[in-house]
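User: Could you take a close look at the sheet in this model and at what packs on it, beginning with the surroundings of the ligand? I would like one connected account, with the cut-offs behind each term.

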Amino acid sequence: MVGYGFMGMAHSQGWRNARSFFDPPLRPRLAALGGRNRDAAGELADRFDWPVVETDWRALVARDDVHVVDVCTPGDTHAEIAVAALEAGKHVLCEKPLANTVAEAEAMAEAAAKAREHGVRSMLGFTYRRVPALSLARRLVAEGRLGRLRHVRARYLQDWLTDPTAPYTWRMSRERAGSGALGDIGAHAVDLAQFLTGEFVSGVSAVTDTFVHERPLPDGGGTGAVTVDDAAVFLGRLDGGALASFEATRYATGRKNALRIELNGDRGSLAFDLEELNVLHFHDATADTVVQGFTRILVTEPEHPYLEAWWPPGHGLGYEHAFAHQAVDLLSAIDAGTDPEPSFADGLRVQRVLAAVEESHEAGGSWTAIPAPAT
Ligand code: SOE
């Protein structure tokens, strides 16, 4: 694994839980952790039992005992590391968003397609697809329980930047992160809208803003310029005809990690909020009118996706568990010789939506079409 921050920790725990709670056909073993700062990487390595720290990611990729490279670095290094790993014949799991630009994302999708010809697999870390309630939502939509889809309402609300004195981090640099709330959390909303419906966003009309332009550097040495958006709001259309609305912000006071998505079709509706992640709300519009209404499904039964491996009904999962599901699914796909999802091509499609949002904003919110995927 390359990277040792928040995602480094989440993925380390995911790999460990995949091994301990599931019985994957390939047993993951933590081989080496990559990070330029040996001390900081060493701290994570100690906590999660990574046996080796490499300060040069190239040395890590070249190791004979490394078969999967997990890219958990900021977006500006995804393309370079992922492409080199794929070319070296290593399977790759890459954190979202796929890259900082459409051009990088295209190069990564191309490298993934080439590597696939040699049985080398790649997967993108839109981990929320593997929150059991959202996996279940996908299943219900695919079964036709919502009928013809008319609306998708997707918003990802956080509030950690509301305070203008909150310190500057790499997430506020366009060079390092690509964009702000848009790529960091709006990308999840777009991916889920596409994943749950099986359709693609075909155009957007958007407005974005940066509310605070300078923030104090954490070392006390002055301020850093915020060069990304703080919030993005956009309308979209899915290629199946449904209308969609999206919102991503780090300024929604009181909303800590509220990824909320609601789907309305002519046979029913679904609603989910990540702040209550064991719950999925389902309305069956075909039921007898006198008993209609949203049903609160507690998604903790062994029949629900991934749940059989965990705790008895009602005991619930949390943020970290989807990272184990992601690891297990990647290992199963490598073993079976199938393509894990989401693919780098899926990531490229999201990247095109993010770029269209920025383009639309620049053009005063005008409608910006997104080219249909090649396949
Ligand atoms: C930070 O805003 C962040 O950690 C995102 O980068 C993650 O993708 C999301 O899961 C939670 O919020």
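Analyst: A residue is counted as near the ligand if its C-beta atom, placed from the backbone, lies within 6 Å of it. By that criterion, the residues around the ligand are Phe6, Gln158, Asp184, Ile185 and Asn257. By class, this shell holds 2 nonpolar, 2 polar and 1 charged residues, where Ala, Val, Leu, Ile, Met, Phe, Trp, Tyr, Cys and Pro count as nonpolar, Asp, Glu, Lys and Arg as charged, and the others, Gly among them, as polar. The model is predicted, so local features need pLDDT of at least 70 and side-chain atom pairs count only at pLDDT 80 or more, whereas totals for chains, interfaces and linings use all residues. Residues are numbered from 1 along each chain as its sequence is written.

Now to the sheet. Strands (E, at least two residues) and helices (H or I, at least four) are DSSP runs numbered from the N terminus, and two strands pair if DSSP finds at least two bridges between them. On these terms there is an open sheet of 9 strands with mixed pairing, in the order β15-β14-β13-β12-β6-β11-β10-β7-β16. Its edge strands, each pairing on one side only, are β15 (294-298) and β16 (368-369).

Several neighbours in this order can be followed in detail. Strand β6 (residues 149-157) runs antiparallel to β12, joined to it by 8 bridges, and Leu149 has Gly265 as its bridge partner in β12. Strand β12 (residues 258-265) in turn pairs with β13 (residues 268-273) in the antiparallel sense over 5 bridges; here Ile261 is bridged to Phe272 of β13, and 2 residues lie between the two strands of this hairpin. From β13, 4 bridges lead on to the antiparallel strand β14 (residues 279-284), with Leu270 standing opposite Phe282 of β14. β13 and β14 also form a hairpin, in this case with 5 residues between them.

As for what packs on the sheet, two residues are in contact if their C-beta atoms, placed from the backbone, lie within 7 Å. Axes are lines fitted to C-alpha atoms, for helices over the stretch in contact, and angles run from 0 to 180 degrees between N-to-C directions. Helix α8 (residues 181-197) lies across β6, β7 (201-209), β10 (231-238), β11 (243-249) and β12, and it runs at about 155° to β6. Helix α10 (residues 344-362) also packs on the sheet, where it touches β7, β10 and β16, and its direction makes about 55° with that of β7.
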